[in-house]
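Subject: Structure handover

Hello,

Here is the structure I promised to pass on. Please open it first, then read my notes below.

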Amino acid sequence: MTEALSAEAVKSLGSPLACVVELHDALRSTQERARELAHAGARHGTLVVSRVQTGGRGRLGRRWGSPEGGLWMSLVLRPAFDAALAARITQTASVGVAKALWEIGIEARIKWPNDLLVDGKKICGILAESSAESAPVAAKRVAPGENVRRLDFVILGIGMNANLDPADLAVPDREVATIRAELGRDVDLLELLKTILTDLETELDRIEDFDAVLDDWRALNCTLGNRVRVRRFGETLEGVAVDLNPEGALLLKTRDGTVELYEGEIEQLRQDGT
Ligand code: BTN
């Protein structure tokens, strides 16, 4: 039997990432609510969850379908580390959430930079935005040591297709996976949240040891070694995704040489380039 989430139950998990919890029946977007709370001074570890989002947002301003049954959540993080490391949060979070999925029996793979897929279908999206209004964290990337600013906050949004049928998400079934469809049963959302928070905390705690995080990212990814097409800033690049650099940028081997990509939307191609 799956327990309904309650703010008290979430708080009683004792996670440092859920010291303050807001649980809503419906919100436009947990991301917007968490940002509002952060601007009003919300502490690190403020968690906003909503059963339904009426205006859920994905990367690149896309709509994120968020009907009942999913786990739609945003966390206010006030990282103790330097702003230069903020760009690591998105990939670090993807490793934590991927591990949580493996723990519940779902063999999720990470598509660069942080989509979680099962057999090529997206099961979870992650959106990390910094305190600069709606700026994706990756866009703020600077070389470590180049900038000693402290970061005000990061809003880490996680959209997990949990107790839903792919058809509930109003996108083609071949593109989405859900926990229900993968496991053939629903999961307890409180247990799922607990696993995610525990794994996220472990990964965020070692963000300064990014080599170790990236080794796990490599072990869990489904991008490296593939031909990909990347769209960024109005240009399209094609090549083979060969590796990550030490800051998690994708190294794309193109006909004109190797390019380092800090952001962009990738599409995995078959070997014949289609
Ligand atoms: C992506 O495009 O892959 C990122 C999707 C992020 C969706 C989550 S759901 C909770 C939070 N609230 C939002 O409006 N978006 C994020």
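**Ligand contacts**

A polar backbone atom of Arg-57 sits 2.7 Å from a nitrogen atom of the ligand. Bear in mind that this is a predicted model.

Two other contacts belong beside that one. Arg-59 also uses its backbone: an N or O atom there lies 2.6 Å from an oxygen atom of the ligand. Thr-30 uses its side chain. A polar atom of that side chain is 3.1 Å from a ligand nitrogen.

How much of the ligand does the protein bury? Alone, the ligand exposes 410 Å², and 98% of that is buried by the protein.

**The shell around the ligand**

There are 18 residues around the ligand. Ser-29, Gln-53, Arg-57, Arg-59 and Lys-122 come nearest. By type, the shell holds 9 polar, 5 nonpolar and 4 charged residues.

Which elements supply the shell? Helix 2, strand 3, strand 6 and strand 7 each give two or more residues. Strand 6 has the largest share, with 4 residues.

**The pocket**

Where does the ligand sit? The space it takes is the largest pocket. The volume of that pocket is about 920 Å³.

The lining of the pocket is made of 36 residues. Nearest the centre are Arg-62, Trp-64, Asp-115, Lys-122 and Glu-175. Lys-122 is also among the residues that come nearest the ligand.

The lining divides into 13 polar, 12 charged and 11 nonpolar residues.

Several elements bring at least two residues each to this lining:

- helix 2, residues 30-39
- strand 3, residues 71-77
- strand 5, residues 115-118
- strand 6, residues 121-130
- strand 7, residues 154-160
- strand 12, residues 265-269

**Two backbone points**

Most residues other than glycine have a negative phi, and most peptide bonds are trans. Two places in this model are worth a look on that score.

One is Leu-60. Its phi is positive, near 55°, and it is not a glycine. Leu-60 lies in the loop between strand 2 (46-53) and strand 3.

The other is the peptide bond from Trp-112 to Pro-113. That bond is cis, with omega near 0°. Pro-113 lies in the loop that runs between strand 4 (109-111) and strand 5. Strand 5 is one of the elements that help line the largest pocket.

If you have time for one view, start at the ligand. Look for Arg-57 and Arg-59, whose backbone atoms make the contacts at 2.7 Å and 2.6 Å.

Best wishes

How values were computed: Residues numbered from 1 in each chain as written. Predicted model: local features only at pLDDT ≥ 70, side-chain atom pairs only at ≥ 80, totals over all residues. Heavy atoms only, no water. 1 Å grid on protein atoms, 1.4 Å probe; cavity = no way out; pocket = protein on both sides within 12 Å on 5 of 7 lines; lining within 4 Å. Points joined across faces, edges and corners; volume = space filled by probe spheres on them. Nonpolar A, V, L, I, M, F, W, Y, C, P; charged D, E, K, R; others polar. Near = heavy atom within 4 Å. Polar contact = N/O pair within 3.5 Å; in protein donor to acceptor, adjacent residues only side chain to side chain. Areas by Shrake-Rupley, 256 points an atom, 1.4 Å probe, with all protein chains shown as cover. Sits in = over half its atoms within 2 Å of the grid points.
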